[in-house]
Amino acid sequence: VFGLILYALFTRFGLSPPWSAAGTLLCYLQVYVLLLRPVSMQVVYPFFLLFMLAFVAWWQKQDRYTGIFLGLAIALTFYAYTYLWQVVTVFLGLSFFSLLIMSDWQRMRAALLVGLGTAVLIIPMVYLTFTQIHDPYYWESMMRIGLGRTHLPAGEAIWGGMRMLMFAILALSIWKWLVQKEEHSARTFFVLQYMLLGVGIEIASVSNVVTGLDLETASHMARFVSLWLAVGVVTALYVVWNVRERLRLLHPFKNIILFARFVLALATTLAYATSLLDFLKFNEVQTRIKSEQAYLPALEWIDRQEPAPQVIWTDPGSELLQRIPIYTKHYVLFSPGGGLQLVSSDETQERYLTAGALSRLTRGQISADVWKHSGVGFAVDIPNTINRKVKICRALRLSALGFSCGDLTDAETQNAALYTRMYKRYNEEIKPNLQDKLEKFHVSYIMKDS
């Protein structure tokens with residue numbers, strides 16, 4: 001799906017079929033790891049490309065069909081990925097504002113109709129979001145997922161913006177030196193829309209500057225930067241290839257500058273790319289497959305033994321945590337993925353401590369497992385948010401002006417009280433009442449790595 005939509009998008013951009021096919025392959029290699037991992041980008045990228053394709057189709061011709069196509073594509077972004085609809089919403093606002101400046105009343109009227117239809121289509125998602133926000137455990141869940149409170153932009157947002165700026169300078173150079181005279185205003189204006197999409201990504205990346213809420217925003221937006229740059233560079237290469245005869249008419253100094261800017265844009269794009277070594281790790285894959293196969297006899301036995309789903313108690317650090325839900329119909333007492341749901345942190349910690357009784361937890365192990373029982377927020381993002389302020393304060397030497405920069409921290413330091421409290425709970429509540437806890441969570445079986 002990713003390849004088919006991207007190929008169609010390249011052809012809409014005017015690339016020839018061979019170039020569209022080659023560009024699709026190169027972009028696939030660029031984001032290979034993100035597509036390979038069984039997480040959201042397998043779904044999100046096709047929706048992102050579908051929106052871009054729908055927008056191009058609508059831009060080229062505003063009629064009932066392209067309007068419906070664009071409205072559906074926009075609405076789907078709301079159901080697909082929170083960060084995607086943020087990018088799309090910001091971009092559409094910028095695009096509409098550009099239409100207003102250019103007095104493009106035909107497209108403005110068509111855009112308003114698309115917006116009205118989209119507003120109707122996203123009503124269920126708006127209602128669901130409203131109910132989620134008012135869930136009693138919503139903010140606890142967000143903290144586990146990685147919500148930080150800061151108005152300072154992340155380094156990834158700044159680097160991403162600089163990389164997109166490099167490509168924007170390249171695009172401006174190509175337009176000004178090679179294609180400006182013959183390209184009509186409509187084509188030029190559309191290129192501006194693609195640049196505005198990049199601006200939309202960057203604005204979304206630094207949105208915490210205004211909201212004060214940072215949910216790993218910049219690192220998620222970087223995934224869109226990667227694909228946006230790859231598509232843009234491929235298209236820019238095709239444009240230059242098409243007018244390569246004109247390069248001879250340019251001053252040699254401009255040719256050197258253009259080449260240097262291409263190299264710089266390509267380098268910034270490849271900064272997000274997959275290492276070629278990732279395609280050659282056959283031994284690692286085979287070892288992992290053999291390791292998984294060793295669990296199958298036990299998993300197949302319990303699946304035959306129990307026709308109805310059961311809760312299985314296994315160690316929080318065991319591979320069985322992932323294998324049991326994949327290969328059987330049964331559940332596990334504790335799973336790190338449970339922390340992504342709208343549940344209380346108290347329950348996720350209680351389940352972790354109960355499951356950990358299988359291997360006699362220590363305070364050190366509780367500290368090492370912070371990502372499992374309290375999420376990436378407590379393990380990485382909250383300490384990093386604090387450190388961001390400290391590093392910026394020190395870099396600007398604000399202490400000389402009387403500001404207190406504070407000290408760098410880490411998960412162990414930041415969460416020391418939490419670990420101590422959990423270890424005390426483990427010894428005083430979980431271990432003495434282990435049987436009651438297992439009954440509370442309906443545990444029927446124990447499975448442990450040998």
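Arg 397 is found in the loop between H20 and H21, and in this predicted model Arg 397 has a positive phi of about 55° although it is not a glycine. Most residues other than glycine have a negative phi. With a relative accessibility of 64%, Arg 397 counts as exposed, because the term applies to values over 50%.

A second residue can be described in similar terms. Ser 103, which is likewise not a glycine, has a positive phi near 55°, and its place is in the loop between H6 and helix H7, the latter covering residues 105-121. The relative accessibility of Ser 103 is 38%, so Ser 103 counts as partly exposed.

**The disulfide**

The loop between H20 and H21 also takes part in a covalent link. How many disulfides does the structure hold? The structure holds one, and this disulfide joins Cys 393 to Cys 405 with an S to S distance of 2.0 Å. The pair links distant parts of the chain, given that Cys 393 belongs to helix H20 (residues 370-395) while Cys 405 sits in the loop between H20 and helix H21 (411-414), with the two positions 12 residues apart in the numbering. The angle about the S-S bond is -70°, and the link of Cys 393 and Cys 405 is left-handed. Are these two cysteines buried or exposed? Both Cys 393 and Cys 405 are buried. Another cysteine, Cys 27, counts as buried because its relative accessibility is 0%.

**Buried positions in helices H16 and H11**

Helix H16, which covers residues 296-305, has Leu 296, Leu 299 and Ile 302 as buried residues. These residues lie on the same side of H16, because they cover an arc of only 135° around the axis. On the other side of H16, Pro 297 and Arg 304 are exposed.

Helix H11 (residues 185-205) contains Gln 193. With a relative accessibility of 1%, Gln 193 counts as buried, because the term applies to values under 20%. Which residues is Gln 193 in contact with, leaving aside its neighbours within four places in sequence? The contacts of Gln 193, once those neighbours are set aside, are Phe 55, Trp 59, Phe 91, Ser 95 and Ser 98.

**A nonpolar surface patch**

Phe 97, Leu 100, Ile 101, Met 102 and Trp 105 make a nonpolar surface patch of about 560 Å². Helix H6, covering residues 82-101, gives the most to the nonpolar patch, with three residues, and Phe 97 is found in this helix. The loop between H6 and H7 holds Ser 103, the residue described above with a positive phi near 55°.

**Salt bridges**

Side chains of opposite charge can pair when their charged atoms come close. A search of the whole structure finds 16 salt bridges, and the table gives a selection of them with their N to O distances.

| Basic residue | Acidic residue | N to O distance |
|---|---|---|
| Arg 107 | Asp 104 | 2.7 Å |
| Arg 163 | Glu 156 | 4.0 Å |
| Arg 351 | Glu 347 | 3.0 Å |

The surroundings of these pairs can be read from the relative accessibilities of the partners. In the salt bridge of Arg 107 with Asp 104, Arg 107 counts as buried because its relative accessibility is 14%, and Asp 104 is buried as well, with a relative accessible area of 16%. In the salt bridge of Arg 163 with Glu 156, Arg 163 has a relative accessibility of 19% and therefore counts as buried, whereas Glu 156, at 33%, counts as partly exposed.

Where do Arg 351 and Glu 347 lie? Both residues lie in helix H18 (residues 345-356), and they are four residues apart, which is about one turn of the helix. Arg 351 is partly exposed, with a relative accessible area of 24%, and Glu 347 is also partly exposed, with a relative accessible area of 28%. Beyond this pair, salt bridges that share partners join Asp 346, Glu 350, Arg 425, Glu 429, Lys 437 and Lys 440 into one network.

Key. Residues numbered from 1 in each chain as written. Predicted model: local features only at pLDDT ≥ 70, side-chain atom pairs only at ≥ 80, totals over all residues. Heavy atoms only, no water. Disulfide = S-S within 2.5 Å. Buried < 20%, exposed > 50% of the residue type's maximum accessible area, 1.4 Å probe, protein only. Arc of directions from axis to C-beta. Contact = heavy atoms within 4.5 Å. Patch = residues over 30% accessible without salt bridge, like charges linked within 9 Å, V, L, I, M, F, W, Y side chains within 5 Å. Areas by Shrake-Rupley, 256 points an atom, 1.4 Å probe, with all protein chains shown as cover. Salt bridge = Lys/Arg side-chain N within 4 Å of Asp/Glu carboxyl O.
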